[in-house]
Amino acid sequence: MLTSTTRKISNFVSKAEFEEIKKFAADKATPFLIINLEKIAQNYDELHENFPTAAIYYAIKANPNPRVIKLLHKKGSNFDAATIFEIDKLLDLGVSAERISFGNTIKKEADIESAYKKGVRIFVTDSFSDLRKIARRAPGSKIFFRLITEGSGADWPLSRKFGAHPDMIYDLIIEAKKRKLDPYGISFHVGSQQRHIGQWDNAIGQVKQIFGLAKHEGVNLRAINLGGGFPSKYLQPAQNLKIYAREIKRFLKKNFGANMPEIFVEPGRSIVGDAGVIVSEIITIAKKSATSETEWVFLDIGKFGGLIETTDEAIKYPIFTERHSRDLREVILAGPTCDSVDVLYENFKYTLPKKSREGDRIYVFSTGAYTTSYSSIEFNGIPPLREYILKHEA
Ligand SMILES: *Cc1c(COP(=O)(O)O)cnc(C)c1O
């Protein structure tokens with residue numbers, strides 16, 4: 001349930017911060033994303049404090065801005081890369097290959113070879129075909145086997161497409177050993193913005209069983225990769241990270257006791273999500289007929305400009321204007337492009353002050369993750385989402 005309290009702006013930004021954002025944004029043409037590096041540093045520290053023994057692999061697809069990568073690199077983060085392009089970018093920015101995991105299970109053989117030649121030694125797999133490619137092109141590498149998860153409870157699920165069932169994982173482990181790879185650990189992703197913490201319990205329980213079966217075959221798995229899925233702050237309430245960490249550590253302890261494996265985490269959203277705000281402008285306010293109750297509010301940003309996670313209204317961003325008013329109306333929010341898919345929220349009703357006018361600025365909070373990286377190139381000639389850095393790291 002989204003109550004009027006969970007929709008309050010003070011849940012997302014302090015008065016002073018909002019003033020600072022407005023001031024910074026004032027002379028810039030919309031739409032654009034403002035990134036607060038200080039907040040990213042805090043989010044990283046908070047994750048590290050809550051999982052002090054875990055190796056953190058930032059999933060760079062969430063926000064691949066070089067400044068973000070450099071900051072996290074300086075703070076000691078490792079990186080999860082999905083493609084050879086991301087790997088090359090990381091290497092160009094001075095990240096050493098030992099700190100990169102090639103986490104995508106869908107890889108070209110040539111890219112595996114290229115990554116290996118550049119020094120990458122951690123690969124994730126979930127199929128025989130991919131495993132054979134790795135064995136051929138990246139001999140002796142450390143292999144994580146990705147377990148399939150349901151994804152239920154997640155606002156942006158990653159289920160079905162990734163991972164294999166436990167019996168196939170077992171077969172893959174045996175095959176990896178046979179092919180002289182180093183079967184290193186089990187990974188999973190419970191779905192992005194996962195709001196059911198129990199999903200980690202289910203996955204960790206299965207990992208424990210796989211560890212046991214592997215041991216029978218003389219394979220000593222040493223690591224568990226808990227994936228991403230940690231929360232950012234949107235309208236639908238989620239527990240805070242402290243509670244996630246407390247529960248997940250309890251599940252780990254229950255299953256592994258004194259034989260705790262190495263722990264990896266692969267956060268994207270929880271590191272950068274609430275460190276960004278998109279500044280947009282109302283282009284048009286319109287009704288579809290003279291008697292219609294609902295108003296359409298067209299913004300200068302939509303699904304193709306970076307807000308693709310509004311698909312099926314999955315992620316509900318906190319959206320506010322500069323106008324202070326208790327006199328509100330429900331609206332349909334839509335993007336500016338010539339594609340009817342480009343509607344942001346129609347079933348879930350956002351409210352705007354009745355006094356809202358064309359030209360008013362709209363602030364879409366918690367948009368630091370999966371926005372610039374998703375924004376399209378030249379659809380309707382609109383340039384990719386611009387990004388400014390507001391707060392520099394200390
Ligand atoms: C996208 C992705 C992540 C990051 O997930 P978040 O939910 O954004 O934290 C982690 N691992 C893998 C393999 C991913 O594809």
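1. Thr310 sits in a loop, between strand 13 (295-299) and strand 14 (319-321). Strands here are DSSP runs of E of at least two residues, numbered from the N terminus. The residue is buried, at a relative accessible area of 1%. Buried stands for under 20% relative accessible area, exposed for over 50%, and partly exposed for in between (1.4 Å probe, protein chains only). Setting aside neighbours within four places in sequence, Thr310 is in contact with Lys303, Ile315, Tyr317, Leu344 and Tyr345. Contact requires heavy atoms within 4.5 Å.

2. On provenance: this is a predicted model, where local features need pLDDT of at least 70, side-chain atom pairs count only at pLDDT 80 or more, and totals for chains, interfaces and linings use all residues. Residues are numbered from 1 along each chain as its sequence is written, and side-chain values use heavy atoms, with hydrogens and water left out.

3. The ligand has 13 residues around it. A residue counts as near if one of its heavy atoms lies within 4 Å. Lys61, Ser192, Glu266, Gly268 and Tyr370 come nearest. By class, the shell holds three nonpolar, five polar and five charged residues. Nonpolar covers Ala, Val, Leu, Ile, Met, Phe, Trp, Tyr, Cys and Pro; charged covers Asp, Glu, Lys and Arg; the others, Gly among them, are polar.

4. Three side chains place a polar atom close to a ligand oxygen atom: Ser192 at 2.5 Å, Tyr370 at 2.6 Å and Lys61 at 2.8 Å. The cut-off for a polar contact is a pair of N or O atoms within 3.5 Å. Taken alone, the ligand exposes 390 Å², and the protein buries 92% of that. Areas come from the Shrake-Rupley method with a 1.4 Å probe.

5. Aromatic pairs come to 22. Rings of Phe, Tyr and Trp (its six-membered ring) pair if their centres lie within 6.5 Å; planes under 30 degrees apart are stacked, over 60 edge-to-face, the rest tilted. Tyr58 and Phe79 are edge-to-face, 6.4 Å centre to centre with 80° between the planes. Tyr58 lies in strand 2 (residues 55-59) and Phe79 in strand 3 (residues 78-81), so the pair ties together parts 21 residues apart in sequence. Both Tyr58 and Phe79 are buried.

6. Tyr370 also pairs with Tyr374: the centres are 6.0 Å apart and the planes at 40°, so this pair is tilted. Tyr370 is buried at 7% relative accessibility. Tyr374 is partly exposed, at 36%.

7. One cluster is worth viewing. Ring pairs link Phe12, Phe18, Phe320, Tyr363 and Phe365.

Terms used
A polar contact is a pair of N or O atoms within 3.5 Å; within protein, one must be able to donate a hydrogen and the other to accept it, and residues adjacent in sequence count only if both atoms are side-chain atoms. Helices (H or I, at least four residues) and strands (E, at least two) are DSSP runs, numbered from the N terminus.
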